Every structure is written in structure tokens, then in C-alpha cells.
Amino acid sequence: NFSSATVCRMVQSNVEGELDKRGGKNFGPPGGKKMMVFFDDLSMPLINEWGDQPTLEIVRQLIEDGGFCFLEKDKRGDFKTCEDLEYVACMQMPGGGRNDIPARLKRHFFMFNVILPSVVSINDIFGQML
């Protein structure tokens, strides 16, 4: 889950924590499987004083370049390739503390808007269960 307190290192650590080394600088999900990465509340990270959202830039780098740089001191600057990952994200409409996401990240997703159903529709759907 993204929040206004989410930083780049947290995103990278969460993704890296689920990956195994495959050889060289290549990493992927265990057992040669594919992994779905779900980014929840993509509109929440704060915008810095320069108008950037560094947290979302690390997400964009992961999607575009297929990985990110090592954080360990002895390998800092080397690129870590993350294989067999697929991405899904969700967010609410910008406004009220939620920010729009950069177009450079937005272009990687198929987007659609789901509106809340009316009270009548909710009662028709869930009325039997309640």
C-alpha cells in the first residue's frame, strides 16, 4: 500500500524481498514462476518541492527498465534485472490529498474508471446477503 510516507527504498525493498537470485544480476520469483506486483493507492505518494514523485519514478523504472540499481554499498550503481514480473495498480481520482500520477508512468497501464453504484443497486446486489 502506498501512502504519503512511502519512499523509494520501501518500494524497492518490498519487491526485492519476494525475488530470488537467478544468476548474475538477474532476479525473479522463486521456482521460475511469474509474479504479479500490485501497487495499491498509486496516487498517494507526496510530490516533492520540485514537483516530482520519486516513489513513482522507482515504479516507472522497474516497469520500463525491468529492474533498479542495487542498494548494497559494494554493488551500488550496478543494475539489478527483475524478470517475470507483471504489474497491476489502482488509485482514486486525484483531489483531496490524492495526486495525479506522472504521464511517464501512466502510459504503462490500461486505465478505466469505476464509479460507485447507486444505493438501490447495492441493495439489489447485497440485500439478500444482509
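This is a short guided tour of a predicted protein model, one selection at a time.

**Stop 1: the whole chain**

Start with everything shown as a cartoon. You should find 4 helices and 6 strands. Follow the chain from its beginning and you meet them in the order α-β-β-β-α-β-β-β-α-α.

Now turn the model around. The C-alpha trace spans about 60 × 40 × 25 Å along its principal axes. A compact globule of 130 residues would have a radius of gyration near 14 Å, whereas this protein has 18 Å. Switch on the surface if you like: about 8700 Å² is exposed, and carbon and sulfur atoms supply 55% of that. Of the 130 residues, 28% count as buried.

Contacts along the chain are worth a thought too. Take those between residues at least 6 apart in sequence: 63% of them join residues at least 24 apart.

**Stop 2: the nonpolar core**

Select Phe39, Leu42, Val59, Leu85 and Leu105. These residues have the most contacts inside the largest nonpolar core, which has 21 residues. Helix H1 (8-16), strand E3 (35-39) and helix H2 (54-65) are the elements that give two or more residues to this core. Which element gives the largest share? That is H2, with 5 residues.

Keep Leu105 selected and show what surrounds it. Setting aside neighbours within four places in sequence, you will see Leu105 in contact with Leu42, Leu56, Val59, Arg60 and Ile63.

**Stop 3: the aromatic rings**

Next, look for rings. The structure holds 4 aromatic pairs. One of them is Phe27 with Phe70, an edge-to-face pair with 6.0 Å from centre to centre and 70° between the planes. This pair links distant parts of the chain: Phe27 belongs to strand E2 (residues 26-28), Phe70 to the loop between strand E4 (67-69) and strand E5 (79-82), and they are 43 residues apart. Are these two residues buried or exposed? Both Phe27 and Phe70 are buried.

Add Lys80 to the view. Its charged end sits over the ring of Phe27, 4.6 Å from the ring centre.

Then move to Phe2, Phe39 and Tyr87, which form one aromatic cluster. You have met Phe39 already, among the residues with the most contacts in the largest core.

**Stop 4: two residues of helix H1**

Select Gln12, which lies in helix H1. How much of Gln12 is accessible? Its relative accessible area is 4%, so Gln12 counts as buried. Beyond its neighbours within four places in sequence, Gln12 is in contact with Ile58, Phe68, Cys69 and Leu71.

Glu16 is found in helix H1 as well. Its relative accessible area is 17%; because the cut-off for buried is under 20%, Glu16 counts as buried. With neighbours within four places left aside, the contacts of Glu16 are Phe68 and Lys80. Lys80 is the residue whose charged end you saw over the ring of Phe27.

**Stop 5: strand E5 and the loop before it**

Go to Phe79 in strand E5. This residue is partly exposed, at 28% relative accessibility. Show its contacts, leaving out neighbours within four places: they are Lys25, Gln61, Asp65, Gly66, Gly67, Phe68, Cys69 and Phe70. For a distance to try in your viewer, pick the C-alpha atoms of Phe79 and Asn113: they are separated by 35 Å, with the two positions 34 residues apart along the chain.

Now select Arg76, in the loop between E4 and E5. Arg76 is exposed, with a relative accessible area of 53%. Not counting residues up to four places away, Arg76 touches Phe70 and Leu71. From C-alpha to C-alpha, Arg76 and Val15 are 17 Å apart in space, and 61 residues apart in sequence.

**Stop 6: two positive phi angles**

Finish with a look at the backbone. Most residues other than glycine have a negative phi. Asp41 is not a glycine, yet its phi is positive, about 60°. You can find Asp41 in the loop between E3 and H2, and it is partly exposed at 28% relative accessibility.

Asp84 also has a positive phi, near 60°. Look for Asp84 in the loop between E5 and strand E6 (85-89). With a relative accessible area of 29%, Asp84 is partly exposed.

Notes. Residues are numbered from 1 along each chain as its sequence is written. This is a predicted model: local features need pLDDT of at least 70, side-chain atom pairs count only at pLDDT 80 or more; totals for chains, interfaces and linings use all residues. Side-chain values use heavy atoms; hydrogens and water are left out. A nonpolar core is a set of buried Ala, Val, Leu, Ile, Met, Phe, Trp, Tyr and Cys residues joined through side-chain atoms within 4.5 Å. Buried means under 20% relative accessible area, exposed over 50%, partly exposed in between (1.4 Å probe, protein chains only). Contact means heavy atoms within 4.5 Å. Rings of Phe, Tyr and Trp (its six-membered ring) pair if their centres lie within 6.5 Å; planes under 30 degrees apart count as stacked, over 60 as edge-to-face and the rest as tilted. A charge sits over a ring if NZ of Lys or CZ of Arg is within 6 Å of the ring centre and within 35 degrees of the ring normal. The radius of gyration is taken over C-alpha atoms; the globule rule is 2.2 Å times the number of residues to the power 0.38. Accessible areas come from the Shrake-Rupley method with a 1.4 Å probe; for residues, only the protein chains shown count as cover.
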